[in-house]
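Here's a quick briefing to read with the structure open beside you. Take it topic by topic and find each residue as you go.

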Amino acid sequence: QHDDIVLTKFEQLIVKKPAKKRLIFIHLIGNHMAYKLRYPKEYIKFNNQKDHLVPDAPFRNQEAKNVIDQYDNSVLYNDYIISSIINILNSKTRGKAVMIYFSDHGEEMYDYRDFAGHAYEKVTPPMCEIPFVVWMSDTYREKRSDLVFDTSRPYSTEDFIYSISDIAGLNYQDYDDTRSLFSARFKERKRYVGDKTYEKILTKF
């Protein structure tokens, strides 16, 4: 089943008690292989043989380009799912809502070799560079003018617990606002993918 299966249930949860404070986690299949199974036929939009959007590269034969088209279609569909979640929040929560979206990993697309996907034992920059999207309603943004949004900050989702706590207004023992992406006291930390530093992965490629 495609990810739109979550939308009806999500809207039901929101509408049931729209003023109730709650934290909802949605785990999507997203863009996991096989990419062609991740979207309905209405989202078959990319065709490299017609649009020529996939650039040539040493490992990108026609079959590889077709896989990239399928991946791009899955990303397009995933964008629809995320925008639908935002629309539900915007219309059903009386303007008091926040959404954070991120992926657990990225995907390599025949960038360095004859390979598509992700694998820790041969991790590359595209596998560990992920989208991180924050949407806030106007009302919530006005309420939390203390939050900082600086897209140049080096950040790892290892510290997501502190960031989501900050944006939700939670405080507790061992909370560290220097590790929140949205804090004025944010401090840059070394980033790791497993036991490898992000910088080491970058310099390797």
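What follows is a short tour of a helix, some salt bridges and two surface patches.

Keep in mind that this is a predicted model. Helix α6 is a good place to begin: seven of its nine residues are buried, so the rest of the structure largely encloses it. The count of salt bridges comes to eleven, and we'll look at a few of them below.

**Helix α6 and its surroundings**

- Helix α6 covers residues 160–168, and its buried residues are F160, Y162, S163, I164, S165, D166 and I167.
- If you're wondering what sits over those buried residues, the cover includes β1 (98–102), β4 (132–136) and α5 (138–143).
- Right after α6 comes G169, which has a positive phi of about 75°.

**A salt bridge that starts in α6**

- D166 pairs up with R144 through their side chains, at 3.5 Å from N to O.
- D166 belongs to helix α6 while R144 is in the loop between α5 and α6, so this pair links parts that are 22 residues apart in sequence.
- Both of these partners, D166 and R144, are buried.
- There's a third member too: salt bridges with shared partners connect R144, D146 and D166 into one network.

**Two other salt bridges**

- K92 bonds with E11 in a salt bridge whose closest N and O atoms are 3.7 Å apart.
- K92 is in helix α3 (residues 62–92) and E11 is in helix α1, so this bridge ties together parts that are 81 residues apart in sequence.
- K92 is partly exposed, at 33% relative accessible area, and E11 also counts as partly exposed, at 29%.
- K65 and D56 form another salt bridge, with 2.4 Å from N to O.
- Here the two partners sit in contrasting settings: K65 counts as buried because its relative accessibility is 13%, under the 20% cut-off, whereas D56 is exposed at 65%.

**Patches on the surface**

- A positively charged patch on the surface brings together K9, K16, K17, K20 and R22.
- One of these, K17, is found in the loop between α1 (5–16) and α2 (48–51), and K17 is partly exposed with a relative accessible area of 47%.
- There's a nonpolar surface patch as well, made of I161, L170 and Y172, which together have about 280 Å² of accessible area.
- Within that patch, L170 lies in the loop between α6 and β5 (192–193) and counts as partly exposed, with 47% relative accessibility.

Methods. Residues are numbered from 1 along each chain as its sequence is written. This is a predicted model: local features need pLDDT of at least 70, side-chain atom pairs count only at pLDDT 80 or more; totals for chains, interfaces and linings use all residues. Side-chain values use heavy atoms; hydrogens and water are left out. Patches are made of residues with over 30% relative accessible area and no salt bridge: like charges are joined within 9 Å, nonpolar side chains (Val, Leu, Ile, Met, Phe, Trp, Tyr) within 5 Å. Accessible areas come from the Shrake-Rupley method with a 1.4 Å probe; for residues, only the protein chains shown count as cover. A salt bridge is a side-chain nitrogen of Lys or Arg within 4 Å of a carboxyl oxygen of Asp or Glu. Lys and Arg count as positive and Asp and Glu as negative; His and the chain ends are not counted. The place of a charge is taken as NZ of Lys, CZ of Arg, CG of Asp or CD of Glu. Helices (H or I, at least four residues) and strands (E, at least two) are DSSP runs, numbered from the N terminus. Buried means under 20% relative accessible area, exposed over 50%, partly exposed in between (1.4 Å probe, protein chains only). Contact means heavy atoms within 4.5 Å.
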